[in-house]
Structure formats: structure tokens, C-alpha cells
Number of protein chains: 2
Amino acid sequence: MMETPTRERLLDAAEALIARQGYDNTSLRAITEQAGANVAAVNYHFGSKEGLAEAVLRRRLIPIDKERMARLEAECRAARNEDRAPGIEALLRALIEPILRTIHTEKGGRHFIFIISRMHTDADGVLKRLFLKTIQPSFVRFFKAFQEACPELPSEILLLRISFTIGAMSHAAMVMSDWGLLERLPFGKLDVPTIDRSVDELIRFAARGFMVTGTGTHV
Amino acid sequence: MMETPTRERLLDAAEALIARQGYDNTSLRAITEQAGANVAAVNYHFGSKEGLAEAVLRRRLIPIDKERMARLEAECRAARNEDRAPGIEALLRALIEPILRTIHTEKGGRHFIFIISRMHTDADGVLKRLFLKTIQPSFVRFFKAFQEACPELPSEILLLRISFTIGAMSHAAMVMSDWGLLERLPFGKLDVPTIDRSVDELIRFAARGFMVTGTGTHV
DNA sequence: GCTTGATTTAAACAAATGTTTGATTATTGT
DNA sequence: ACAATAATCAAACATTTGTTTAAATCAAGC
């Protein structure tokens, strides 16, 4: 049985610890200890603590970003062929599903989600800059697609609603990763919803948010 | 002209710096320097760095919490008198407006908002525990009111939707505090919405999210 | 005016941080 | 088998961290 290489063990340990404690509050010694490696291993393999964090981020974010764009373009292509505007719900699904699915698809995904959530609310920080750089192009692309889907909505309002959605997604990711945190509160008995159910609820919640003149009832 | 006391200058400096850089990444020396005070002043006035952070949090959070509860109870009372269930939109307004209003009402509110946003996405941390302890009772109270407003909605789905709303609010607060961050992206010309307009958009976005069988069109 | 208590100050504290060094051990290519 | 490169290791590096100390300064009260 081949043991996993040090480089990867470092990534896993860093991912888990940074998720729980944050970047600044996680020491290299804690990471290397959990990974069963020497302190110098980080600087050998990644150049610096910052380099390690960058690698942690890229490892999962780039595949997610690729799948997002693939789904986005698929919907836009389908829309062109059928001579219609892209559908809001399909766009939301392209934005939300790839990242929330990593919670139970990938091994460390549950940890990674926490890092991403914190990324959205960090004003500044080492990881934030890299995160923005990585995700900016597809964010701009998504915005254009949303504009096609809602051609009569003023851009700044559209941007607000997309921000609401990203915030909801970010927070939902945390709740879904650690539902126990809510269950500890005195809410009475709750059936924990599955990830897929939660994702669906989120997408439809956001989709309704993008509507106007909704006439449904509150049920 | 009386100069503001050291205690308060420390709170202001800590609030601004913790908002920008996070709790762990903000040193006491940076805080005391910006406040024009000695390093030991923090331990003298607040006992510890943690004590200072706690004071920063309580100073604004407790009044916000009080106003939230006041509005909540007002709506519930009105509902009882008129023999109807509490209205979703009124509940959302009670939850959202008091905290988002501090952005432009209070002097340092713009900074405080960042701290609160980070609080929501922090898995653990010094401030998180205090935040939860402070806000938990009214959160439970809000949940009960939402249950009255949506008596047929399963509790776990209701809890999900509230989580979506809180996430949207949290992220929106950041965008509203620093709209320039979005304007830097290549979106073309945007009219920056006012705070009041943004708050309204958020409340109505969330209110639509709580509906079912919405039949509006995407505009 | 002196005293009591509150506040401020500079200096020092131990502990923890990211990084570097130089030697040692594994692994690989020929 | 041997040389060359890659990887690991213990030890030490200079900084920075939150906190404490003990003296100095300030502000009232009587």
C-alpha cells in the first residue's frame, strides 16, 4: 500500500485546519504535525505558507470554475439554438451546483466549502486576492449571461440580486456542511434535508428572488 | 474641545482594523498606535485582546438586537389584534433593517458590518462564540415568528430559507459598504443604488424566496 | 496641599510565528 | 554501482505576538 505523498498530505491538512481556524490562526507547525511532515516541508514544496494556501485553493477551485463555465455555455448555446434567452434557473444551477456538490463528492470538500465561504466575507487577506483573480473572469461571464436572461432589469439591481444569491449560497454551504450547529438550538425535532434537496431549495429560492410581480402565497 | 476618552478611541480603532484585517491578523500594537494610546492600555481597560473584541461587538450588537426584537414584537402584536398571522415581509424587515441601517447611521457602522459578516461565515473563533451567545435568543424568537407566518412549511425548509436570507443579508452588507469593489469589474457604467434602495431590494428578494407557486415573469 | 485612586507610560517577558540553513537520507537515471 | 537530483530532517534564525511589571503622571476629595 503506497502512502500518499507529502505534498498531498500537506494540502489536506492545510485545507482542514484553515477551514476550521482560518488562515492567520493556523500555524505551519500545526499543519505539518497533522500531515506527519517536517516544518520545512512546506517551504520546500510550496515556497511559503502563502504558496501552500494558494495551492489549497487552486486544487479545487479551478475544476469547479471549469464545470461552471461548461454548464453556462451549454445553456447559452441551447438558448441560441431554440431562439430564446438563457433561463434564470439554469444559470443559477450552473453557478451553484458545481461548488455545493463538492461538499459530498470530494473527500475534503466539506472543509473546502468553509474556506470559500470565508473568502466571500473577507474584506482583504492573502487568499482573497487570489480567489478574486481566479474567479473574476467567469463572474463577469455569468453577469453577461444574467443580463441576457433579464434584459429589462437595470444592471445595478441585477448585480445586487446576484450578490444576494452568492451570499445565500455561501451561508447555505456552511449550514449544509454542519447542520448540527443549527440542530443544537431549541427548535424542536428537525428532519435534516439531504444535500441535493438543500441545493434545490436554494436554487428555487434564488430563482423566485429574480422574479417580479410574484403572486404566489406564503406557504 | 474635549478629546474622546482612550477607551472609546481604542474601540473605534479596533473596530476599523478588525473589520479590515480580521481579528487574528490585527495586533494590539496596530490598534493602540491608531488610537494614539499605549500598548498596555488595552489590558488596562479591557483585560485582554479578547475583552476588547467583545466590547467592540457588544457596543453595536446589543442595540441592534433590541431594535430587532421591538419590531418583531410590534408586528406580532399587530397581527394578533387583527387576527392574522405575522407578515413575512414585516418579519424580514425587522430582521434586516436594524443592522443594515447602521451602515450609514452610526459612524463606524460601515466597519462593524464587515465584522458581523465575517462572524456568519467563521466556523469557530474568539468572536463567533460571543456572537452566537448574544444573538441566539432573538434568533430562536424570530424562528418561532416565521413558523407562525408559514404554518404549513416544514421547519427544516423554513430554517433553510432563513439561512439563505441571512447569507444574502450578510453578503449584501459587504457589497453595500464597499460598492467600489464591484465597480472595478468590467461591467460598464452602473448607477450605485442607495442604501435604502438596496435594503428594499434585499427584503423583497427574500420575501419572494419565501413564496411558493410564484407565477411572475423574470424581468 | 497632601493624599488617594485612576490612568498612562516605557521596558521587559515568555511564547509562538514563518523562514532558512546545512547535513542526512531516498530516489532516480545511466 | 555510481553520480546526481530530490526529499526530509533537526536546529537555529530574527520577528512579532499578547501580556505583565513597576514607575510616573494625572485628577479629584477633603
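Which residues come nearest to DNA strand C? Keep that in mind as you go through these close-ups of a predicted model.

**View 1. Here are the protein residues around DNA strand C.** There are 16 residues around this strand, and A:S27, A:S48, A:K49, B:T6 and B:A40 come nearest. Two or more residues each come from α2 (28-35), α3 (40-46) and α4 (49-81) of chain A, and from α3 (40-46) of chain B. If you're hunting for the top contributor to this surface, look at α3(B), which gives the most, with 3 residues. Sorted by class, the surface near DNA strand C has 8 nonpolar, 5 polar and 3 charged residues.

**View 2. Now hop over to DNA strand D and its surroundings.** This strand is surrounded by 16 residues, with A:T6, B:S27, B:A40, B:S48 and B:K49 the closest. The elements giving two or more residues here are α3 of chain A plus α2 (28-35), α3 and α4 (49-81) of chain B. It's α3(A) that supplies the largest share of the surface near DNA strand D, 3 residues. Split by class, you get 8 nonpolar, 5 polar and 3 charged residues.

**View 3. Zoom in on α2(A) and its buried residues.** Look for A:I31, A:T32 and A:A35, which are buried. These residues sit on the same side of α2(A), because they cover an arc of only 90 degrees around the helix axis. What lies over them? The cover on the buried residues of α2(A) includes α1 (6-21) and α3 of chain A. Right after the helix comes A:G36, with a positive phi near 65 degrees.

**View 4. This one takes you into the largest nonpolar core.** It holds 124 residues, and those touching the most other members are A:A14, A:L91, A:L202, B:A14, B:L91 and B:L202. Let's pick out B:L202 and check its contacts. Leaving aside residues up to four places away in sequence, B:L202 touches A:F164, B:I96, B:A168, B:M169 and B:A172.

**View 5. Finally, see where chain B touches chain A.** Here 64 residues of chain B are in contact with 64 residues of chain A. On the chain B side, the elements giving two or more residues are α1 (6-21), α6 (109-121), α7 (126-149), α8 (155-177), α10 (195-209) and β1 (217-218). Of the residues on that side, the largest share, 16 residues, comes from α8(B). As for class, the side of chain B that touches chain A has 31 nonpolar, 22 polar and 11 charged residues.

Key
Residues are numbered from 1 along each chain as its sequence is written. Chains are lettered from A and ligands numbered from 1 in the order in which they are written. This is a predicted model: local features need pLDDT of at least 70, side-chain atom pairs count only at pLDDT 80 or more; totals for chains, interfaces and linings use all residues. A residue is near a molecule or strand if its C-beta atom, placed from the backbone, lies within 6 Å of it. Helices (H or I, at least four residues) and strands (E, at least two) are DSSP runs, numbered from the N terminus. Ala, Val, Leu, Ile, Met, Phe, Trp, Tyr, Cys and Pro count as nonpolar, Asp, Glu, Lys and Arg as charged, and the others, Gly among them, as polar. A residue is buried if 20 or more other C-beta atoms lie within 10 Å of its own, exposed if 12 or fewer, and partly exposed in between; C-beta atoms are placed from the backbone. The arc is that of the directions from the helix axis to the C-beta atoms. Two residues are in contact if their C-beta atoms, placed from the backbone, lie within 7 Å. A nonpolar core is a set of buried Ala, Val, Leu, Ile, Met, Phe, Trp, Tyr and Cys residues joined through C-beta atoms within 7 Å.
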